[in-house]
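Welcome, and thanks for taking a look at this one with me. Here are some numbered notes to read beside the model.

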Amino acid sequence: MSPALAFGWQVWTRHRLGLMLCGGYGLLLVIAANTLPVAAVPRPLLPFLLVLPCGAVFGYLVCIFSFSQEARLETCESGFPTRLWTLPLRTWALAGWPMLWGTTILASSWLILSCGVLRVSRIDLGLLMWWPALLLAVTLAWLQAIVWTPFPLPWLRAVVAAPLIGAAVSVPQIVLSMFDIGEELAAALLIVQLPAAYLLAVFGVSRARRGDVPRWTWPGWRTWLRWRSVTTVGRPFVAPARAQLWFEWRRCGLGFPLGLAGCALVWLMVMPWTARFFEVARDGSPIVPSFLLPELGNLLLAATGLLFLPLLFASGCGREMGRLSGRDRACALSSFLATRPTSVAVPIRAKFEAAALSTLAGWGILVAEFLLWFALAGHGAEMAGQFDALRQRYPAGLFWGSLVFLVVAGIGLTWLHMVEGIWVGLAGRAWVMASSTLGFAALIALVAFGSWLATHPQHWPTFTALLPWLAGGAVVLKCLAAAWSLRALKRRALIPSGVLWGALGVWLVLAMGTFGALYALLPDAWFSVPGVVLGIVLLLPLTRLALAPLALAWNRHR
């Protein structure tokens with residue numbers, strides 16, 4: 001078997017289930033686009049059938065071809081699998097074949113989607129018909145080069161990855177939008193980056209293959225004050241919980257704020273171009289929310305994307321925070337961790353506290369970057385005018401109260417998104433991780449049903465009559481699951497009774513606070529006491545938080 005086929009066979013055997021699901025989803029999209037009439041799919045449903053699932057598919061392909069799901073991005077070592085270093089191949093082939101396979105499959109997947117689905121569905125996206133194929137290929141190539149290259153400092157890879165990749169893919173778009181150049185020149189700026197990324201990948205793999213990894217240390221405040229011996233140890237921890245919190249923060253606490261800072265920086269760089277795209281394509285593209293554009297303005301609407309970045313990052317970082325330390329963090333708990341003389345509550349509390357610190361750090365960096373962009377980018381006066389026009393359309397109390405509630409709710413939801421999926425990684429079972437993706441499919445199905453219902457008003461009375469029963473049944477099921485999990489925690493004494501009752505009290509305070517804020521902010525015509533109560537009970541997580549210590553105990557004693 002040739003090296004090219006061997007690399008392709010290896011990727012297929014290790015990820016055949018995920019690749020089959022991705023291929024099946026793409027095949028269903030192509031068949032549906034070529035058989036169903038265009039009017040059969042409501043226009044508001046297109047982002048949920050295309051943008052979200054296709055984004056997940058492309059993200060999955062980027063992860064498996066860059067080997068980033070097996071690597072620790074915060075370490076100095078190369079993320080290239082060490083099992084491949086002993087193959088009888090030269091380094092240029094060892095790094096080249098995975099890059100060629102990945103870039104080709106990503107670009108081909110987008111071309112199939114654009115030609116087989118978008119063009120058939122009469123969605124004219126202009127440059128977006130072929131431009132993302134180059135963007136995906138360049139993004140994967142640079143990510144492979146960065147992940148496979150050893151770095152002299154820990155966390156340096158995570159710091160430079162997002163800004164470098166963002167600048168590489170955004171500079172040609174900015175040049176294309178700001179200067180009167182041809183599309184061919186802008187595409188050439190992307191194409192010439194592929195051999196540059198390949199050369200960097202070959203350089204990094206060759207150094208890692210021969211063990212040439214430099215070791216530096218970050219300068220600290222003690223370095224500037226006095227000389228310190230390498231044998232000096234720090235102050236001892238006062239309690240195991242403090243040691244565990246320090247360990248969780250050092251292990252994965254910085255990933256969320258650093259990644260969010262890099263992505264926010266890229267978003268701020270392209271935000272004027274995004275605002276101009278919103279203004280030009282307000283009536284011709286399904287991905288532009290035309291009903292919000294007159295209300296907020298193009299620049300302010302583009303800035304609202306910053307509010308969704310923490311929520312998107314928090315879900316992925318929560319899965320990473322829930323994973324266990326060790327070489328294979330997706331499998332059973334090692335004997336060293338299983339026999340650690342601490343209760344289950346100690347690591348769970350440390351993970352929750354580390355998530356809270358990471359959330360506050362990420363939002364602080366996000367606000368600081370936005371204020372810096374507002375002061376230096378030259379669009380502050382335009383955004384201030386749009387903000388002032390929005391403020392004058394609403395009463396002062398309602399406007400500022402809604403703004404404060406939006407910020408507080410964003411921070412709280414970020415933390416909840418980060419901790420609600422911790423139990424999946426703590427369970428240590430592959431089938432648990434696979435089944436957790438069903439929630440995403442249920443969300444898409446719910447949105448699809450809502451869009452279908454919006455275009456069939458004859459079914460509104462029937463659904464309106466069934467909605468209270470459906471919501472009540474869902475609330476009953478959630479309450480039963482929460483009662484079972486809390487009873488299991490109390491019966492097995494995994495969490496102290498005081499902490500358990502305190503957590504229930506905090507949950508009730510959050511629920512009542514959310515109810516009071518919505519009662520004060522929403523108009524009387526929009527406020528329904530039963531609907532708000534059912535919505536709070538359904539959306540505010542309790543069972544998933546209680547499952548975290550149960551999952552860790554399940555993994556610890558198997």
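1. Let's begin with a term: a residue is called buried when its relative accessible area is under 20%, exposed when that area is over 50%, and partly exposed in between. Ala187 has a relative accessibility of 9%, so Ala187 counts as buried. Please keep in mind throughout that this is a predicted model.

2. Where does Ala187 sit? Ala187 belongs to helix H7, which covers residues 183-191. Its C-alpha atom is separated by 7.6 Å from that of Leu134, although the two residues are 53 residues apart along the chain.

3. Ala161 makes a good companion to that point. Ala161 is found in helix H6 (residues 156-178). Its relative accessibility is 14%, and because buried means under 20%, Ala161 counts as buried. From C-alpha to C-alpha, Ala161 and Leu143 are 7.2 Å apart in space, with their positions 18 residues apart in sequence.

4. Now for charged pairs. How many salt bridges does a search of the whole structure find? The search finds 4 salt bridges. In general, side chains of opposite charge can pair when their charged atoms come close. Three of these pairs are described in the next points.

5. The side chains of Lys351 and Glu248 form a salt bridge, at 3.3 Å from N to O. Lys351 is in helix H16 (residues 345-376) and Glu248 is in helix H10 (residues 240-253), so this pair ties together parts that are 103 residues apart in sequence. Are these two partners buried or exposed? Both Lys351 and Glu248 are buried.

6. Helix H16 also holds a salt bridge between Glu353 and Arg349, whose closest N and O atoms are 2.8 Å apart. The two residues are 4 residues apart in H16, so about one helical turn separates them. Glu353 is partly exposed at 29% relative accessibility, while Arg349, at 51%, is exposed.

7. A further salt bridge joins the side chains of Glu420 and Arg544, at 3.2 Å from N to O. Glu420 lies in the loop between H18 and H19, and Arg544 lies in helix H25 (residues 543-556), so the pair ties together parts that are 124 residues apart in sequence. Glu420 has a relative accessible area of 16% and is buried, whereas Arg544 has 31% and is partly exposed.

8. Ile422 is worth a look after that pair. Ile422 is placed in helix H19 (residues 422-427). With a relative accessibility of 0%, Ile422 counts as buried. The C-alpha atoms of Ile422 and Leu547 are separated by 8.8 Å, and the two residues are 125 residues apart along the chain.

9. Next, the surface. Which residues form the nonpolar patch there? The patch consists of Leu307, Phe308, Leu312, Trp400, Leu403, Leu406 and Val407, and together they have about 660 Å² of accessible area. Two elements, helix H14 (305-322) and helix H18 (396-419), each give two or more residues to this patch. The largest share comes from H18, with 4 residues.

10. Within the patch, you could pick out Trp400. Trp400 is part of helix H18, and its relative accessibility of 41% makes Trp400 partly exposed.

11. What about the inside? A search of the whole structure finds 2 cavities of 30 Å³ or more. The second largest cavity holds about 40 Å³ of space. Its lining is made up of Gln10, Val11, Arg14, His15, Ile64, Phe67, Gln69, Glu70 and Arg83. By class, this lining has 3 nonpolar, 3 polar and 3 charged residues. Helix H1 (residues 3-14) gives the most to the lining, with 3 residues.

12. One backbone detail to finish. Most residues other than glycine have a negative phi. Ala493 has a positive phi, near 55°. Where is Ala493 placed? Ala493 is in the loop between helix H22 (460-492) and helix H23 (497-521). Its relative accessibility is 60%, so Ala493 counts as exposed.

Technical notes. Residues are numbered from 1 along each chain as its sequence is written. This is a predicted model: local features need pLDDT of at least 70, side-chain atom pairs count only at pLDDT 80 or more; totals for chains, interfaces and linings use all residues. Side-chain values use heavy atoms; hydrogens and water are left out. On a 1 Å grid over the protein atoms alone, a cavity is a set of points where a 1.4 Å probe fits but cannot get out, and a pocket is an open set with protein on both sides within 12 Å along at least five of seven lines; lining residues have an atom within 4 Å of a point. Grid points are joined across faces, edges and corners, and a volume is the space filled by probe spheres set on the points. Ala, Val, Leu, Ile, Met, Phe, Trp, Tyr, Cys and Pro count as nonpolar, Asp, Glu, Lys and Arg as charged, and the others, Gly among them, as polar. Patches are made of residues with over 30% relative accessible area and no salt bridge: like charges are joined within 9 Å, nonpolar side chains (Val, Leu, Ile, Met, Phe, Trp, Tyr) within 5 Å. Accessible areas come from the Shrake-Rupley method with a 1.4 Å probe; for residues, only the protein chains shown count as cover. Buried means under 20% relative accessible area, exposed over 50%, partly exposed in between (1.4 Å probe, protein chains only).
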